[in-house]
Amino acid sequence: MSSALKTALEQYIDASGGGDGVFSSPINGLALMRTSREVLPHHLIYKPALCIAVQGSKQVSLGDSVFDYTGMQALVVGVELPAFGRVTRASATEPYLGMTVEFDVGVMREVMEQLGVPPQSGGDTGSAVFVEDLTAPLVDCLTRLVRMLATPMAIPILQPSVMREIYFWLLTGPHGGEFRKLALPNGHMQRIADAIYILRRNFSRPIRIKELAAAARMSESSFHQHFRGLMSMTPLQYQKQLRLLEARRLMVAEGENVMQAALQVGYESASQFSREYARMFGTPPKRDTLKALQKPHARGVKKPGETGGLHANTPKRRHPPHRSPPP
């Protein structure tokens with residue numbers, strides 16, 4: 001079963017030009033990846049998705065937590081979050097192969113409501129990220145989803161039913177309770193997601209915990225506790241990472257200088273910005289601005305992999321840029 005999924009990925013990637021990179025697809029929320037070398041850590045924002053390693057291994061660091069997943073395993077991401085990701089096992093003879101399937105929480109909720117016996121949530125605590133072993137029925141669905149790419153006219157007809165089948169197997173699988181938390185409209189994970197929505201769109205201005213707690217419909221102490229439990233970081237750390245990611249995009253893709261980028265993302269002190277930037281990315285911001293000046297593309301024109309600060313340092317893309325993070 002796993003060999004069929006591997007073959008389907010390789011055939012689509014080869015038909016799309018081959019080589020290494022992230023390959024978008026005609027299916028919204030589905031992206032494929034192949035790389036024949038280990039990839040250095042890169043900081044990006046993961047969307048709620050199933051990030052699958054078909055061959056090779058990958059590691060994702062989120063706050064104080066580290067998640068390793070390998071062939072026929074998936075990293076499950078329940079909310080938008082900034083994290084470090086790197087491919088840890090890949091070679092020319094056995095490249096890393098992966099895929100990302102973004103979640104449609106509304107459809108997942110519909111499937112959950114149709115289950116005769118809804119999966120037990122196991123409490124409302126836990127992490128928004130965990131590793132899932134792929135079951136045979138789930139691998140079969142993913143294989144059919146990738147094969148569908150060869151017949152574009154089949155996608156609008158068959159893809160919705162295959163996605164519902166994927167959600168069924170996730171909700172009834174070993175971590176069904178965790179997926180139930182993701183789909184519950186008033187669960188703590190969804191409430192934290194509502195607060196993250198505020199953070200994501202207002203990251204450049206000071207935001208009080210009181211405002212975020214109100215968006216999550218929690219007390220301030222409860223919000224802080226649940227946010228840290230789910231995200232492995234505090235709301236302030238989350239906001240800081242959003243600011244630094246956007247600043248990096250502004251410098252690398254838009255050609256802004258260090259001070260301009262710092263001011264646009266909410267920093268008042270250039271020295272503080274430089275310290276926190278170097279701590280997060282391992283290099284001073286001025287070095288990234290120099291790299292941007294050496295690039296042949298014009299100011300304001302985003303190269304593939306530089307969209308919205310979400311894909312810094314990812315391999316080259318094929319096809320139009322897609323929202324999904326590297327699998």
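**Exercise 1. Getting an overview**

Work out what share of the contacts with a separation of 6 or more comes from residues 24 or more positions apart, and then describe the make-up of the protein.

*Solution.* Start with the contacts: in this predicted model, residues 24 or more positions apart account for 72% of the contacts with a separation of 6 or more. Next, look at the secondary structure, which comes to twelve helices and eleven strands. Finally, turn to burial: 53% of the 327 residues count as buried.

**Exercise 2. Checking the span of a helix**

Find how far apart the end C-alpha atoms of helix H6 should be, and compare that with the model.

*Solution.* Step one: H6 covers residues 188-201, which makes 14 residues. Step two: the expected span is 1.5 Å times one less than the number of residues, so H6 should span 20 Å. Step three: the end C-alpha atoms of H6 are 20 Å apart in the model, and this agrees with the expected value.

Now ask which residues of H6 are buried. They are His188, Met189, Gln190, Ile192, Ala195, Ile196, Leu199 and Arg200. Several elements help to cover them, including strand S3 (42-46), helix H2 (105-114) and helix H9 (235-254). Helix H5 (176-183) is also part of this cover.

**Exercise 3. A helix among its neighbours**

Decide whether H5 is largely enclosed or largely open, and give the reason.

*Solution.* First list the buried residues of H5: Gly176, Gly177, Phe179, Lys181, Leu182 and Ala183. That is six of the eight residues of H5, so the helix is largely enclosed by the rest of the structure. Then find the partners: the buried residues of H5 pack against strand S7 (73-77), H2, strand S10 (129-133), helix H4 (155-171) and H6.

**Exercise 4. Exploring a cavity**

Find how many cavities of 30 Å³ or more there are, and describe what lines the largest cavity.

*Solution.* The count comes to one cavity of 30 Å³ or more. The largest cavity has a volume of about 40 Å³. Its lining is made of Val76, Gly78, Ser127, Ala128, Phe130, Glu178, Phe179, Leu182 and Met189. Sort these by type and you get six nonpolar, two polar and one charged. H5 gives the most to this lining, with three residues.

**Exercise 5. Looking at cysteines**

Count the disulfides, then say whether Cys51 is buried or exposed.

*Solution.* Recall that a disulfide is a covalent bond between the sulfur atoms of two cysteines. The count here is zero disulfides. For Cys51, the relative accessibility is 0%, so Cys51 counts as buried. Cys141 also has 0% relative accessibility and therefore counts as buried.

Methods. Residues are numbered from 1 along each chain as its sequence is written. This is a predicted model: local features need pLDDT of at least 70, side-chain atom pairs count only at pLDDT 80 or more; totals for chains, interfaces and linings use all residues. Side-chain values use heavy atoms; hydrogens and water are left out. Helices (H or I, at least four residues) and strands (E, at least two) are DSSP runs, numbered from the N terminus. Buried means under 20% relative accessible area, exposed over 50%, partly exposed in between (1.4 Å probe, protein chains only). Contact means heavy atoms within 4.5 Å. On a 1 Å grid over the protein atoms alone, a cavity is a set of points where a 1.4 Å probe fits but cannot get out, and a pocket is an open set with protein on both sides within 12 Å along at least five of seven lines; lining residues have an atom within 4 Å of a point. Grid points are joined across faces, edges and corners, and a volume is the space filled by probe spheres set on the points. Ala, Val, Leu, Ile, Met, Phe, Trp, Tyr, Cys and Pro count as nonpolar, Asp, Glu, Lys and Arg as charged, and the others, Gly among them, as polar. A disulfide is a pair of cysteine sulfur atoms within 2.5 Å.
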